[in-house]
Number of protein chains: 2
Amino acid sequence: MKQDSTKSKLLQAATSVFGNQGYSGGSVRQIAEMANTNIGAIKYHYSSKEQLWKAVVNHLFNKLSEAIMQDFALWPSMSPRDRVVNSTRNYIYFCAKYPELNRIILSETIQNGDRLHWIAENHMRFFIERSTAWMAIAQENGVYPKEISVLNLVFVAMSAAQNLFLMAPFVEHAFGIDVFKNDQIEKHVDAVVKLLLNE
Amino acid sequence: MKQDSTKSKLLQAATSVFGNQGYSGGSVRQIAEMANTNIGAIKYHYSSKEQLWKAVVNHLFNKLSEAIMQDFALWPSMSPRDRVVNSTRNYIYFCAKYPELNRIILSETIQNGDRLHWIAENHMRFFIERSTAWMAIAQENGVYPKEISVLNLVFVAMSAAQNLFLMAPFVEHAFGIDVFKNDQIEKHVDAVVKLLLNE
DNA sequence: TCAAATTTGATACGTATGTATTAATCCTAT
DNA sequence: ATAGGATTAATACATACGTATCAAATTTGA
């Protein structure tokens, strides 16, 4: 799919609209307008609003997968602790680069309908299970305290990493800080690593 | 306002609907139906959808204030660290008891429109500023590492506390765990305290 | 008891939405 | 050049929404 094809422009616009307004909050007319095209093109390329939404989610999860796996080849040469630090860092970079994914997930989680079930079955379950497995290994190697259940560990760590970017509009509004700027991202990485791994 | 008055039943129903579907996702017809009454009653008591929504938010923030201030009288007799533990615990209890507030805040944060500005100006700014001040004191007393900026500290801590309950529908769906049960809440409190305060 | 406040039920209006269809036009690769 | 895919533009339809109005019925409190 070429970068500037109508189909890809629609995907980009839909990512922005669904990410900023949720599924029900965004309209196909709005998406078509943002992509400088028309509703007919959506019907032609994606057939329905729901299919377009699924294409957006699939695309974002592919990007997440790439981001997480980015340094996988280097893992054998890393300590258990460095693996956690590395994947935490890469995950935070991803959250900053594609905040739409977590916004979409959270929108659907709050509404708790068929679309959440679709995300859970097709994408999230896999990621959570893999994260849980990795966390458990790190925990066995003394990176995290052993008394905490792995599930709590995963959710606390993921939340700590994500939420600053989810709350970006508020932070900007209340403190005038743009959390997507590189130095702010680095500060956040340092904070999370230090707090969760008492480095 | 009596517990079972139409006005209070509307507020309850609206809390549930707005908490589970967001502002645009919820309809006044749905709220009226859930409260076993009709649209006319909404018009009569709250005049508009937006006013009803504001009443819900005001009510939830009042409950938050009560929860946070609950043990305030005991603070002078507590160590800086115990103050943090106590307020963290009370905050987590609140998040579990009224998950609708954080859902509403997050919905509006994602959409980043006039309603977010209203929440920020009328409620959140105050809470964040107070939390920041308390965090700074705790940090000066060695409860938290001093290298981290207070803003990052506040957001990481708040996120770690909230998110498990925001993700409740997913956790239930993926792991069959009800995070609102008392033992799960306690496990979460322990996890957050241990991870953030390396107790 | 009686007036005021509250509640019900119905109707209506304008607007926005997702979906669908169709015909014409443009682009591209064979 | 030509066929098939891609794109545009316009129109249409049923549905749901927030808001508004109004009359009647019911409840409440002095």
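**Exercise 1. In which loop of chain B is the place of N36(B)?**

Find the residue, then look at its backbone and its surroundings.

- Step 1. Please keep in mind that this is a predicted model.
- Step 2. N36(B) sits in the loop between α2 and α3 of chain B.
- Step 3. Its phi is near 55°, a positive value in a residue other than glycine.
- Step 4. For comparison, most residues other than glycine have a negative phi.
- Step 5. A residue is exposed if 12 or fewer other C-beta atoms lie within 10 Å of its own. N36(B) has 11 C-beta neighbours inside 10 Å, so it counts as exposed.

**Exercise 2. Work out where N112(A) lies and how it is classed.**

- Step 1. Go to the loop between α6 and α7 of chain A, where N112(A) has its place.
- Step 2. Here too phi is near 55°, a positive value in a residue other than glycine.
- Step 3. Count the surroundings: N112(A) is partly exposed because it has 16 other C-beta atoms within 10 Å.

**Exercise 3. Describe how chain A and chain B meet.**

- Step 1. Begin with the contacts: 46 residues of chain A are in contact with 46 residues of chain B.
- Step 2. On the side of chain A that touches chain B, at least two residues each come from α1, α6 (99-111), α7 (114-140), α8 (150-166), α9 (168-175) and α10 (182-197).
- Step 3. α8(A) provides the largest share of that side, 10 residues.
- Step 4. Sorted by class, the side of chain A that touches chain B holds 24 nonpolar, 17 polar and 5 charged residues.

**Exercise 4. Find the relation between the two copies.**

- Step 1. Lay chain A on chain B: a turn of 180° and a shift of 0.0 Å along the axis do it, with an RMSD of 0.0 Å.
- Step 2. This is therefore the relation of a two-fold axis.
- Step 3. The same surface serves both copies, as 100% of the contact residues of chain A recur in chain B.

**Exercise 5. Map the protein surface near each DNA strand.**

Take DNA strand C before turning to DNA strand D.

- Step 1. There are 20 residues around DNA strand C, and S27(A), K49(A), T6(B), T37(B) and G40(B) come nearest.
- Step 2. Two or more residues each are given to this surface by α2 (28-34), α3 and α4 (49-69) of chain A, together with α1 (6-25) and α3 of chain B.
- Step 3. α3(B) gives the most to the surface near DNA strand C, with 5 residues.
- Step 4. By class, the surface near DNA strand C has 5 nonpolar, 10 polar and 5 charged residues.
- Step 5. Around DNA strand D there are 19 residues, of which T6(A), T37(A), G40(A), S27(B) and K49(B) come nearest.
- Step 6. Here α1 (6-25) and α3 (39-46) of chain A, with α2 (28-34), α3 (39-46) and α4 (49-69) of chain B, each supply at least two residues.
- Step 7. For the surface near DNA strand D, α3(A) gives the most, with 5 residues.
- Step 8. The classes near DNA strand D are 5 nonpolar, 9 polar and 5 charged.

**Exercise 6. Explore the largest nonpolar core.**

- Step 1. A general point helps here: in soluble globular proteins, nonpolar side chains tend to be buried together.
- Step 2. The largest nonpolar core has 112 residues, and among those with the most contacts inside it are V192(A) and V156(B).
- Step 3. Leaving out residues up to four places away in sequence, V192(A) touches T88(A), I92(A), A160(A), A161(A) and V156(B).

**Exercise 7. Class M34(A), F126(A) and R83(B) as buried, exposed or partly exposed.**

- Step 1. M34(A) is in helix α2 of chain A. M34(A) counts as partly exposed because it has 16 C-beta neighbours inside 10 Å.
- Step 2. M34(A) and A13(A) are 21 residues apart in sequence, with 5.9 Å between their C-alpha atoms. Apart from residues up to four places away in sequence, M34(A) touches A13(A), S16(A) and V17(A).
- Step 3. F126(A) lies in helix α7 of chain A. With 13 other C-beta atoms within 10 Å, F126(A) is partly exposed.
- Step 4. R83(B) belongs to helix α5 (residues 80-97) of chain B. A residue is buried if 20 or more other C-beta atoms lie within 10 Å of its own. R83(B) has 21 such neighbours, so it counts as buried.
- Step 5. R83(B) touches W75(B) and M78(B), not counting residues up to four places away in sequence.

Note on methods
Residues are numbered from 1 along each chain as its sequence is written. Chains are lettered from A and ligands numbered from 1 in the order in which they are written. This is a predicted model: local features need pLDDT of at least 70, side-chain atom pairs count only at pLDDT 80 or more; totals for chains, interfaces and linings use all residues. A residue is near a molecule or strand if its C-beta atom, placed from the backbone, lies within 6 Å of it. Helices (H or I, at least four residues) and strands (E, at least two) are DSSP runs, numbered from the N terminus. Ala, Val, Leu, Ile, Met, Phe, Trp, Tyr, Cys and Pro count as nonpolar, Asp, Glu, Lys and Arg as charged, and the others, Gly among them, as polar. Two residues are in contact if their C-beta atoms, placed from the backbone, lie within 7 Å. Copies are superposed by least squares on the C-alpha atoms of residues with pLDDT of at least 70 in both. A nonpolar core is a set of buried Ala, Val, Leu, Ile, Met, Phe, Trp, Tyr and Cys residues joined through C-beta atoms within 7 Å.
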